[in-house]
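Welcome, and take a moment to look at the chain from end to end. We will walk through it together, starting from the outside.

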Amino acid sequence: MTARTFAPPAPSGWDRLAQAVAQVVPPAEVDAVWLFAPLRRDANEWGTAVLSRVEGERRRIYTARYILAVRGKERGKFDATIQDVGTGPVEVLTRVLQDVERRSDDEHPPTSVAPDQWFASLPQVPAGSDGPPR
């Protein structure tokens, strides 16, 4: 009998994007995450997330996107961009984001995900440390 080796599943595009975002925005400061349904075409998958971070009386909004090669010679290749797209009063941006969800013509409107669930794939940082291991 031949022993089989078990290879853990490759991280999803969302897991890898959460890791990329954590390098730019401290996960503990993210108060909301919205995920748009990923799109697959040919050998690639594209995903978009919108994140919110409260800074005092202002809310900062980020758009995070990824491209993941899911087939072919470049399978596993991953590219992410995180963009700071704006800031405004907390209550105004909350209302705008709710209106975007309601008015979206997309047959799959963005899904709200708790930040602790979205960042769950990150390595756990021991209490009292200054952040993820480098």
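How much area does the chain expose, and what share of it do carbon and sulfur atoms supply? The exposed area is about 9400 Å², and carbon and sulfur atoms supply 52% of it. Accessible areas here come from the Shrake-Rupley method with a 1.4 Å probe, and for residues only the protein chains shown count as cover. Please keep in mind that this is a predicted model, in which local features need pLDDT of at least 70 and side-chain atom pairs count only at pLDDT 80 or more, while totals for chains, interfaces and linings use all residues. Residues are numbered from 1 along each chain as its sequence is written, and side-chain values use heavy atoms, with hydrogens and water left out.

Now for the overall layout. The chain has 3 helices and 5 strands, and from the N terminus on they follow the order α-β-β-β-β-α-β-α. Helices (H or I, at least four residues) and strands (E, at least two) are DSSP runs, numbered from the N terminus. Of the contacts with a separation of 6 or more, 54% are between residues 24 or more positions apart; contact means heavy atoms within 4.5 Å.

Let us move inside. Among the 134 residues of the chain, 29% count as buried, a word that stands for under 20% relative accessible area, with exposed meaning over 50% and partly exposed in between (1.4 Å probe, protein chains only). The largest nonpolar core has 20 residues. Such a core is a set of buried Ala, Val, Leu, Ile, Met, Phe, Trp, Tyr and Cys residues joined through side-chain atoms within 4.5 Å. Leu 17, Val 21, Leu 51, Trp 118 and Phe 119 touch the most other members. At least two residues of this core come from each of α1 (13–22), β1 (30–41), β2 (44–55) and β3 (58–69), and the largest share, 5 residues, comes from α1. Trp 118 is a good place to pause: leaving out residues up to four places away in sequence, Trp 118 touches Trp 14, Leu 17, Ala 18, Val 21, Val 33, Leu 35, Ala 49, Leu 51 and Val 113.

Next come the charged side chains. Side chains of opposite charge can pair when their charged atoms come close. The structure holds 7 salt bridges, each a side-chain nitrogen of Lys or Arg within 4 Å of a carboxyl oxygen of Asp or Glu. In one of them, Glu 29 pairs with Arg 53, with 2.6 Å between the closest N and O atoms. This pair links distant parts of the chain, 24 residues apart: Glu 29 lies in the loop between α1 and β1, and Arg 53 in strand β2. Glu 29 is partly exposed at 35% relative accessible area, whereas Arg 53 is buried at 13%. Arg 53 also forms a salt bridge with Glu 55, at 3.7 Å.

Arg 60, in strand β3, meets Asp 84 in a salt bridge of 2.9 Å, N to O. Here too distant parts are linked, since Asp 84 sits in strand β4 (residues 78–89), 24 residues from Arg 60. Salt bridges that share partners join Glu 29, Arg 53, Glu 55, Arg 60 and Asp 84 into one network.
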